[in-house]
Amino acid sequence: MLIGEYKHQLDEKNRIRIPAKLKSGLGSNYIAMKGTNGCIFVFSQEEMQNMLDAKLRDLPLGDLKAQKSIRALFSSGYEVEEDAQGRFVLPIYLKEFANITKNVVSVGVGNRVEIWSEEAWNAYNGDVSFDDIMGDLIKYGI
């Protein structure tokens with residue numbers, strides 16, 4: 001399970017490193033893609049296959065709305081290739097999508113890592129009460 005919040009920075013060559021505690025849960029092959037709320041989702045290839053492969057095969061080719069969603073999701077994907085130091089170049093389209101300039105927050109969210117600009121992460125969390133957030137989980141049976 002991927003958990004925790006880690007602050008770090010994008011370097012001058014747009015390289016980033018997934019924090020070691022999160023990377024161990026992703027394995028050696030992982031995919032970065034556009035996520036929700038302006039963050040970048042990072043899934044292990046195995047998790048991506050388990051989560052989406054069978055479900056996507058069942059979607060009818062004639063369901064144009066579903067096809068548009070699939071295209072948007074997969075076309076935003078990037079198979080991460082790390083250098084010897086464990087860094088990878090964050091593609092410009094993902095950097096711009098997430099409004100990342102320098103400071104980054106990587107967050108473990110169970111089955112994925114999310115990469116946020118520090119400003120967006122702080123704005124997203126705002127002044128919401130942790131108790132309110134925990135109370136909201138009741139409707140999901142948690």
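**Strand E4 and the largest pocket**

In this predicted model, Phe41 stands opposite Glu114 in strand E8. That pairing is a handy way into the surroundings of strand E4, which spans residues 40–44. E4 and E8 (residues 113–117) pair in the antiparallel sense over 3 bridges. E4 is also joined to strand E3 (residues 30–34), again antiparallel, and here the count is 5 bridges. Within this second pairing, Ala32 has Val42 of E4 as its bridge partner. E3 and E4 together form a hairpin with 5 residues between them, and Asn37, which sits in the turn, has a positive phi of about 60°.

How does burial look along E4? The strand is mostly covered, with 5 of its 5 residues buried. In a regular strand, side chains alternate between the two faces of the sheet. For E4, both faces turn out to be covered: Ile40, Val42 and Ser44 are buried on one side, and Phe41 and Phe43 are buried on the other.

Strand E8 leads on to the largest pocket, as E8 is among the elements that give two or more residues to its lining. The space in this pocket comes to about 750 Å³. Its lining consists of 21 residues, and those nearest the centre are Val109, Trp121, Tyr124, Asn125 and Ile133. Besides E8, the elements giving two or more residues to the lining are strands E1 (2–9) and E7 (103–110) and helices H5 (118–125) and H6 (130–136). Helix H6 provides the largest share, 4 residues. By residue class, the lining divides into 12 nonpolar, 5 polar and 4 charged residues.

Notes:
Residues numbered from 1 in each chain as written. Predicted model: local features only at pLDDT ≥ 70, side-chain atom pairs only at ≥ 80, totals over all residues. Heavy atoms only, no water. Buried < 20%, exposed > 50% of the residue type's maximum accessible area, 1.4 Å probe, protein only. Pairing = 2+ DSSP bridges. 1 Å grid on protein atoms, 1.4 Å probe; cavity = no way out; pocket = protein on both sides within 12 Å on 5 of 7 lines; lining within 4 Å. Points joined across faces, edges and corners; volume = space filled by probe spheres on them. Nonpolar A, V, L, I, M, F, W, Y, C, P; charged D, E, K, R; others polar.
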